[in-house]
Amino acid sequence: MDVGVLGRGEVGRRLASAFRDHGDRVMVGSRDPANDELQSWLAGDGAGVQAGTMAQAADFGDLLVLAVLGNAAEDAIAEVGPDKFSGKVVIDAMNPLDFSQGPPRLSITGYDSLGERVQRALPDAKVVKAFNIIGNPYFANPEFSEGKATMLIAGDDDEAKRTVAGVLERFGWPPPVDVGGIEASRELEAVCILWVRIGVKRGAWDHGFKLLIG
């Protein structure tokens, strides 16, 4: 596939690397493709990944990943232009985090979520929430001492969710658990905060969630 990853942070770089490692052509989109940190990564661990503007990455990808800061997502979409996402599967790997009062909490709560806002901003795209409930070192090959973690996904388009399930399978995940429409992003984003709370309590971040079915 041709994959456009919008966001040059650690989440975007980890996912870009995973797609590249599984044979895909990848472009990371950034407001500043010449950024020193990004260029240093491209010369090392990111070798083989292309860099461009966010609009260029959106044009490049048949599959798109949104991995900007959650609170900047709507501005990034507006800057790129919703039409560039039209008809495409868009993986929303983000969480809307508020760091103003110590450990992060959600900046969007109640009867809304970032996933829903992204889908509203991209009415002609097929948004699937995924990868937001686990630390980025485990985006691919999510092996723990007690086995593999479970990925939870949400979205309104069943075919798009099957596409993302295929991505997860290539990355070494077991079949994901589909928790429903994009409104289930409310719960998935809250799971991120639970993951953080567990990490703070443990003083370590090598954990994930696993669904057990009797």
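Right after helix α4, G81 takes a positive phi of about 105°. That's a handy place to start looking around this predicted model, since the helix before G81 and the biggest pocket are the two topics here.

**Helix α4**

The helix covers residues 73-80, and its buried residues are A73, A76, I77 and V80. These four sit on the same side of α4, because they cover an arc of only 100° around the axis. What do they pack against? The buried residues of α4 pack against β1 (2-6), α3 (54-60), β4 (63-66) and α5 (114-121). Flip to the face turned away from that buried side and you'll find D75 and A78, which are exposed.

**The largest pocket**

How much space lies in the largest pocket? About 720 Å³. Its lining is made up of 32 residues, and V11, A67, V68, L69 and G70 are the ones that lie nearest the centre. Here's how the lining splits by class:

| Class | Residues in the lining of the largest pocket |
|---|---|
| Nonpolar | 19 residues |
| Polar | 10 residues |
| Charged | three residues |

As for helices, α1 (10-21) and α7 (185-202) each supply at least two residues of that lining. Which element gives the most? That's α7, with three residues.

So much for the tour: on one side, α4 with A73, A76, I77 and V80 buried and D75 and A78 exposed on the face turned away; on the other, a pocket of about 720 Å³ lined by 32 residues.

How values were computed:
Residues numbered from 1 in each chain as written. Predicted model: local features only at pLDDT ≥ 70, side-chain atom pairs only at ≥ 80, totals over all residues. Heavy atoms only, no water. 1 Å grid on protein atoms, 1.4 Å probe; cavity = no way out; pocket = protein on both sides within 12 Å on 5 of 7 lines; lining within 4 Å. Points joined across faces, edges and corners; volume = space filled by probe spheres on them. Nonpolar A, V, L, I, M, F, W, Y, C, P; charged D, E, K, R; others polar. Buried < 20%, exposed > 50% of the residue type's maximum accessible area, 1.4 Å probe, protein only. Arc of directions from axis to C-beta. Contact = heavy atoms within 4.5 Å.
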